[in-house]
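Hi,

Here is the structure I promised to pass on. Have a look at it first, then read my notes underneath.

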Amino acid sequence: MSEESKEMEVQKQEVITSDESERTKESPVYVPRADIYETEDKVTVIADMPGVDENSVDITLEKNVLTIRGFVQPHTFEHHTLSYAEYGVGDYERSFVLSNEIDRDRIQATVKNGVLRLVLPKQEAAKTRKIEVKTA
Amino acid sequence: MYRRYPVPRMWEEMERLQREINSLFNSSSPGRLQIAPSFPAMNMWTSEESQVITAEIPGVEPEDIDISVTGEILTLRGSRKPEEIGEDIRYHRRERGYGRFQRSIQLPFPVEAERVEATFKNGVLTITLPRAEEDKPRKITVKST
């Protein structure tokens, strides 16, 4: 590992469901690892979702709750049996509460090499206004 | 070993139970995930003819992955570049790692190094390793005389 690196996590983390409800699908659901950063005019969310492409991702923004879901079709290989496994294959799901007002019409989402990139532009009014402090 | 009395059935049951428990702990069945020693985690699919290895490496360009096979050892190298971000940003969370990775894995049989194929799609690497011709099991027909 070079100095300028952040160690890559090896194991995936499964979503913990509340006791009352169960998922209808038996396959596991994972929490995608994410980076979120904010600049003056937008919030960017980057999430690792290997196996997901632009057609199998679902993003919703309800009030200020952003939910990202990714659906993965488990793959099998003909005449082969799974002899050794270190990771599970399943869907992805994660929600975030956004603290900024987002301009919904200008949200951009792209998926490349199994990484979702979501750009959420802040609403004009929500952009920081500098307030001059006057000396009395 | 010669036994004067037949083994009691209960004892057989106990032995069977012990075998079951042992196999539970040793099992590498799909239901039980093994802990990967280093990035990336890998899954292996085996047939008599070939071995398929899959690994989830999101956010890496195919040209940044380097695969080599020497004998029965497969080595995977690569690096994930950090996000190119401008100045004046504020991180809310940073969970995704980046940097170099390298991992070697023992294959169950020698492979035809020339015919190894790898594909990379949606952050999932799939390597197909055909078993070496001389290592394939041979069918032996029993002749009647």
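Below is what I found, starting with where the chains meet and then moving on to the pockets.

One thing to keep in mind as you read: this is a predicted model.

**Where the chains meet**

How many residues of chain A are in contact with chain B? There are 46 on the chain A side, and they touch 52 residues of chain B. People often describe the size of an interface by the accessible area that is lost when the parts come together. Here the area buried between chain A and chain B comes to about 4700 Å², with carbon and sulfur atoms giving 54% of it.

There are charged pairings across this interface too: I have 8 salt bridges between chain A and chain B. If you want one to look up, try B:Arg103 and A:Glu86, whose side chains meet in a salt bridge at 2.7 Å, N to O. Polar contacts between the two chains add up to 28 residue pairs, counting those with both residues at pLDDT 80 or more.

Which strands should you click on for the chain A side? β3 (34-38), β4 (42-48), β7, β8 (91-97) and β10 of chain A each give two or more residues to the side that touches chain B. Sorted by class, that side of chain A has 19 nonpolar, 13 polar and 14 charged residues.

**The largest pocket**

Rolling a probe the size of a water molecule over the atoms shows where empty space is left. The largest pocket holds about 680 Å³ of space. Its lining has 28 residues, and those nearest the centre are A:Val72, A:Gln73, A:Pro74, A:His75 and A:Val89. Both chains take part: β7 (81-85) of chain A supplies at least two lining residues, and so does each of β1 (42-46), β2 (50-56), β7 (117-121) and β8 (124-130) of chain B. By class, the lining splits into 13 nonpolar, 12 polar and 3 charged residues.

**The second largest pocket**

This one has about 490 Å³ of space. Of its 23 lining residues, B:Gly59, B:Lys81, B:Pro82, B:Glu83 and B:Arg96 lie nearest the centre. The elements giving two or more residues to the lining are β9 (108-112) and β10 (115-121) from chain A, plus β4 (73-80) and β5 (90-94) from chain B. β9(A) gives the most, with 3 residues. And what is the class make-up of this lining? The second largest pocket has 7 nonpolar, 5 polar and 11 charged residues around it.

Happy exploring, and shout if anything is unclear!

How values were computed
Residues numbered from 1 in each chain as written. Chains lettered and ligands numbered in written order. Predicted model: local features only at pLDDT ≥ 70, side-chain atom pairs only at ≥ 80, totals over all residues. Heavy atoms only, no water. 1 Å grid on protein atoms, 1.4 Å probe; cavity = no way out; pocket = protein on both sides within 12 Å on 5 of 7 lines; lining within 4 Å. Points joined across faces, edges and corners; volume = space filled by probe spheres on them. Helix = DSSP H or I, 4+ residues; strand = E, 2+ residues; numbered from the N terminus. Nonpolar A, V, L, I, M, F, W, Y, C, P; charged D, E, K, R; others polar. Contact = heavy atoms within 4.5 Å. Buried area = accessible area lost by both parts, 1.4 Å probe. Salt bridge = Lys/Arg side-chain N within 4 Å of Asp/Glu carboxyl O. Polar contact = N/O pair within 3.5 Å; in protein donor to acceptor, adjacent residues only side chain to side chain.
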